[in-house]
Structures are given as structure tokens and as C-alpha cells.
Amino acid sequence: MPLLHFHLLEGRTDAEIRTLLDAAHEAMLEAFAVPRRDRYQLVSEYKPSRMIVEDTGLDIPRTDKVVVVQMFSRPRGADKTAEFYRLLTERLEQECGIAPSDVMISVVENEDAHWSFGNGRAQFLTGELGGGRPVH
């Protein structure tokens, strides 16, 4: 947690996708100081006709390397979230050759009660995971 969902155009190799996921995980570890095994990542691939990513009138150039990242997370604060944006785009450029202009990120915040990591339990609420409000 956070859960990262990557939306990509078809055509990357498995190795390229793994490098992208590893780079994103390292950025998340640095920005949010979560445990290393706190890794939840999904990849969806699309035909070019199924994914349109424009620039909201900001004149941001896009290529076929465009990546849309949806992050589902507990609130992290504006400073840490902005740091994640910076680190993610830097790492994707350095390790994957993806220009910062090809990275769009959207954050969806939710609450502790909105997470179950398995076994039908809300681990943040039960106190099994830190930072939650234990319930009895």
C-alpha cells in the first residue's frame, strides 16, 4: 500500500515492464518510507486506439511511451505526494528512458477502513498494521 496501477500502450517487453515497476517501487519507498514488501502493482496494456492521453491544454508532448499511473492510498500529504511525483518521473527517465512529459499521475485517497490485505480483515482497523485506529 499504496496500490499503483500503470496504464501503458501495448508493446513493451516483460523486462521493460519489470524495470518500470521496480523504478516506481523505489520511488515510492523513498517518498513514503513504507516497508520494502509493501508492494502492490498492476499493469494494464492498451491498443493505441484504446488509450488517449492529451495535455489539458498545457502543450505537454506525449509519445508512445506514455504512462498513466493511478495511485490508491491513504492520505500522504501534499509534500510527500509531490516528492513522489518528482522521484517517479526522475527514475522512469533514468531507468526506462521515459520522458517526464510522458508520465501522468493521479492519486485517489481513501481511509483505513477501505483496505483489506487478505483474510477478510481490515488490518489497519484491527491494529495488525500500524497507523490505524484499533477496533475491538
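A contact here means heavy atoms within 4.5 Å of each other. Keep that in mind as you click around, because what you have open is a predicted model, where local features need pLDDT of at least 70, side-chain atom pairs count only at pLDDT 80 or more, and totals for chains, interfaces and linings use all residues. Residues are numbered from 1 along each chain as its sequence is written, and side-chain values use heavy atoms, with hydrogens and water left out.

**Stop 1: R62**

Select R62, which sits in the loop between β2 and β3 (67–73). Strands such as these are DSSP runs of E, at least two residues, while helices are runs of H or I, at least four residues, and both are numbered from the N terminus. Leaving out residues up to four places away in sequence, R62 touches V53, E54, D55, S101, D102 and V103.

Now show the polar contacts, meaning pairs of N or O atoms within 3.5 Å; within protein, one must be able to donate a hydrogen and the other to accept it, and residues adjacent in sequence count only if both atoms are side-chain atoms. A polar atom of the R62 side chain lies 2.9 Å from the backbone oxygen of E54. The backbone oxygen of S101 is 2.6 Å from a polar atom of that side chain. Try the C-alpha distance from R62 to A99 too: 8.7 Å, for two residues 37 apart in sequence.

Is R62 buried or exposed? Neither: at 26% relative accessibility it is partly exposed. Buried means under 20% relative accessible area, exposed over 50%, and partly exposed in between, with a 1.4 Å probe and protein chains only.

**Stop 2: two odd phi angles**

Stay in the loop between β2 and β3 and pick T56. Phi of T56 is near 55°, a positive value in a residue other than glycine. D59, also in the loop between β2 and β3, has a positive phi of about 55° as well, although it is not a glycine. Most residues other than glycine have a negative phi. T56 is exposed at 76% relative accessibility, and D59 is exposed at 68%.

**Stop 3: R12 and E45**

Next, jump to R12 in the loop between β1 and α1. R12 is buried yet has no salt bridge, and the nearest side chain of opposite charge, E16, is 5.7 Å away. For charge, Lys and Arg count as positive and Asp and Glu as negative; His and the chain ends are not counted. A salt bridge needs a side-chain nitrogen of Lys or Arg within 4 Å of a carboxyl oxygen of Asp or Glu. What R12 does have is the backbone oxygen of K65, 2.6 Å from a polar atom of its side chain.

Among the contacts of R12 beyond four places in sequence are I17, E45 and V66. Select E45 next, in strand β2 (residues 40–46). E45 is partly exposed, at 40% relative accessible area, and its contacts include L8, L9 and G11.

**Stop 4: the core**

Colour L4, F6, L20, F84 and L88: they have the most contacts inside the largest nonpolar core, which has 24 residues. Such a core is a set of buried Ala, Val, Leu, Ile, Met, Phe, Trp, Tyr and Cys residues joined through side-chain atoms within 4.5 Å. At least two residues of this core come from each of β1 (3–9), α1 (14–32), β3, α2 (78–96) and β4 (103–109). Helix α1 gives the largest share, 10 residues. Apart from this core lies another of five residues, among them L9, V53, V66 and V68.

Now light up α1 itself. The buried residues of α1 pack against β1, β2, β3 and α2. Just past its end, A33 has a positive phi, near 50°.

**Stop 5: salt bridges**

How many salt bridges does the structure hold? Nine. Start with D22 and R39, whose side chains meet at 2.6 Å, N to O. D22 lies in helix α1 and R39 in the loop between α1 and β2, so the pair ties together parts that are 17 residues apart in sequence.

Then select E83 and R86, another salt bridge at 2.6 Å, N to O. Both lie in helix α2, three residues apart, about one turn of the helix. Finish with E128 and R121, which meet in a salt bridge at 2.7 Å, N to O. Salt bridges that share partners also join R18, D22 and R39 into one network.
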